[in-house]
Amino acid sequence: MADMRAFREAVDGWASGGSGEAASELAARLDVRTAVLLEGPSDHAAVEALAARRGRDLAAEGVCILPMGGAMSVARYTGLLGPPGLGLRLTGLCDEREQPFYDRALDRAGAPRQGFFVCVADLEDELIRALGTERIEEILRAEGDLRSWETFVRQPAQHGRPRQRQLRRFLGTKKGRKIRYGRLLVEALEPDRTPAPLDGLLAAL
């Protein structure tokens, strides 16, 4: 049975220069109405985790979460999925420093800007600030990563850096770690501590 993973794969193939026929066919079969554009898989894990916590089945609602493989792909994805392409509603997250690039891409595609929610640095930074560094270290301990973290902060390059910046850098030092913690940090949030960009995105879907 066709599912959202197949649609994501078809869109990725299309964005890489392939045909859009499969993506168009799957969009119609799955009744896809909204595409959530995210930079990468760690953001995808966080959005899916928050949707699950709130009892949402986004796929059943016609919502597809699409990690683009980096912000520089947004112009391509907005063109394929927005008004010039499949005509889906576009929403997502972007980092503050890249917001102008997103705005230009959305304007070129004739898509509204309002559906995109802005993180100051990135989503990991938002989650670290929401939870606090002590809580993050508790999670690292529970996941068996405390020794690696303690070794990391002893590195000369980390001396004098704020704890929050150290944690953000640590999450990106090992393949797959950002994805795993994207989910774990969201699951650890108190209901009233969800970062505003993430909370706004889910509320808008």
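1. In this predicted model, C64 has a relative accessibility of 0% and therefore counts as buried. The cysteine sulfur closest to that of C64 belongs to C94, and because the separation is 19 Å, the two are too far apart for a bond. C64 also appears in the lining of the largest pocket, where its neighbours in the list include V63 and I65.

2. C119 is likewise buried, with a relative accessible area of 1%. Its closest cysteine sulfur is again that of C94, here at 7.5 Å, which is too far for a bond. A disulfide is a covalent bond between the sulfur atoms of two cysteines. With the cut-off set at sulfur atoms within 2.5 Å, the count of disulfides in the model comes to zero.

3. C94 and C119 are both found in the lining of the largest cavity, together with E39, D43, L93, D95 and L123. The volume of this cavity is about 40 Å³, and the structure holds one cavity of 30 Å³ or more. Strand β3, spanning residues 89-95, gives the most to the lining, with three residues. By class, the lining residues divide into four nonpolar and three charged, with no polar residue.

4. The largest pocket holds about 160 Å³ of space, and its lining consists of M4, R8, E48, A51, A52, R56, D57, L58, A59, V63, C64 and I65. The elements that give two or more residues to this lining are α1 (4-15), α3 (41-53) and β2 (63-67). Eight of the lining residues are nonpolar and four are charged, while none is polar.

5. Which residues of helix α7 (residues 133-142) are buried? They are I136, E137, I139 and L140, so a charged residue, E137, is included in the set. Seen down the axis of α7, these buried residues fall within an arc of 155°, and they therefore line one face of the helix. As background to such a pattern, an α-helix has 3.6 residues a turn, so residues three or four places apart point the same way.

6. The face of α7 turned away from the buried side carries E134, R141 and A142, which are exposed. On the buried side, the residues of α7 pack against four helices, namely α6 (123-131), α8 (146-153), α9 (163-171) and α10 (177-188). L123, the residue at which α6 begins, is also one of those lining the largest cavity. After α7 comes G144, a residue whose phi is positive, near 80°.

Terms used: Residues numbered from 1 in each chain as written. Predicted model: local features only at pLDDT ≥ 70, side-chain atom pairs only at ≥ 80, totals over all residues. Heavy atoms only, no water. 1 Å grid on protein atoms, 1.4 Å probe; cavity = no way out; pocket = protein on both sides within 12 Å on 5 of 7 lines; lining within 4 Å. Points joined across faces, edges and corners; volume = space filled by probe spheres on them. Buried < 20%, exposed > 50% of the residue type's maximum accessible area, 1.4 Å probe, protein only. Arc of directions from axis to C-beta. Contact = heavy atoms within 4.5 Å.
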